[in-house]
Amino acid sequence: MAKYIFIILIIFVNFIYSEQMDLRIEYLKGQVYFSTDNKLKLNRLTNETKITEKMIIKTFEDGFLKLSQTGFELDVSPSTNLKIENYNITKNKNLNIAVELVKGLVRNKVNNLSIVEDYRLKSKNLILGIRGTEWITAVNNDTTIVYVIEGSVKIFKEDTSVKSTDTIPEKNIYIKVK
């Protein structure tokens, strides 16, 4: 009997812990929609919606969304389109997150590198990696603007205007790339 209780307890603890690892909706206002299929059928996002890998999220003019996980926050501003390309948990219970920002403005904050193993934000012309940081990224057509609030952001780009080793290291520094 004790053996069965122990097994049930382990299953329950794993269930509770896995629920805590989900990307949570902290704040939701206005018109925010999502799609999980290639047909781009939009569904209204609610506080109960589970954020998943490959999910496309679109905020309208009055929409705002804050997603969070321990050590990580993503604020999605009005008139923004993005895709959660990758969201998984490693064997060591660390997070790997990749977001593609198609259009609009997001605020990114990674404040616990012991939990967030890898976070990348992609735009049409840049891939940004975290270094324990807070930054804002805006994308409009072929232009990406990065504004670092705290920490540093690693830039990955193939053309010669920004070398793949460039880092934006200081507070209140921004880079505009076309």
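Strands E11 and E12 form a hairpin with 2 residues between them, and Asn-141 in the turn has a positive phi of about 55°; strands here are DSSP runs of E with at least two residues, helices are runs of H or I with at least four, and both are numbered from the N terminus. The model is predicted, and for this reason local features need a pLDDT of at least 70 and side-chain atom pairs count only at pLDDT 80 or more, whereas totals for chains, interfaces and linings use all residues. Residues are numbered from 1 along each chain as its sequence is written, and side-chain values use heavy atoms, with hydrogens and water left out.

The two arms of the hairpin, E11 (residues 134–140) and E12 (residues 143–150), pair in the antiparallel sense over 7 bridges, where pairing requires that DSSP finds at least two bridges between two strands. Within this pairing, Trp-135 stands opposite Val-148 in E12. E11 also pairs with strand E8 (residues 95–110), again in the antiparallel sense, over 6 bridges, and Thr-137 in E11 is the bridge partner of Val-106. In a regular strand the side chains alternate between the two faces of the sheet.

Strand E8 also gives the most to the largest nonpolar core, with 6 residues. This core has 32 residues, and those with the most contacts inside it are Ile-51, Ile-57, Leu-67, Leu-74, Leu-82 and Tyr-119. A nonpolar core is a set of buried Ala, Val, Leu, Ile, Met, Phe, Trp, Tyr and Cys residues joined through side-chain atoms within 4.5 Å; buried means under 20% relative accessible area, exposed means over 50%, and partly exposed lies in between (1.4 Å probe, protein chains only).

A search of the whole structure finds 2 aromatic pairs. In one of them, the rings of Tyr-33 and Phe-60 have their centres 5.4 Å apart and their planes at 85°, so the pair is edge-to-face; rings of Phe, Tyr and Trp (its six-membered ring) pair if their centres lie within 6.5 Å, and planes under 30 degrees apart count as stacked, over 60 as edge-to-face and the rest as tilted. Because Tyr-33 lies in strand E2 (residues 32–35) and Phe-60 in the loop between strand E4 (56–59) and strand E5 (64–69), the pair ties together parts that are 27 residues apart in sequence. Tyr-33 is buried, with a relative accessible area of 18%, while Phe-60 is partly exposed at 29%.

Ser-35 is likewise placed in strand E2, and at 0% relative accessibility Ser-35 counts as buried. A polar atom of the Ser-35 side chain lies 3.4 Å from the backbone oxygen of Lys-41. Leaving aside neighbours within four places in sequence, Ser-35 is in contact (heavy atoms within 4.5 Å) with residues including Leu-40, Leu-42, Lys-54 and Ile-56.

A second serine, Ser-77, lies in the loop between strand E6 (72–76) and strand E7 (81–89) and is buried, with a relative accessible area of 14%. With neighbours within four places in sequence again left aside, Ser-77 is in contact with Thr-59, Gly-63, Phe-64 and Leu-105. Ser-77 and Phe-64 are 13 residues apart along the chain, and their C-alpha atoms are separated by 5.1 Å.

For the protein chain as a whole, there are 1 helix and 15 strands, and 39% of the 178 residues count as buried.

Technical notes: Polar contact = N/O pair within 3.5 Å; in protein donor to acceptor, adjacent residues only side chain to side chain.
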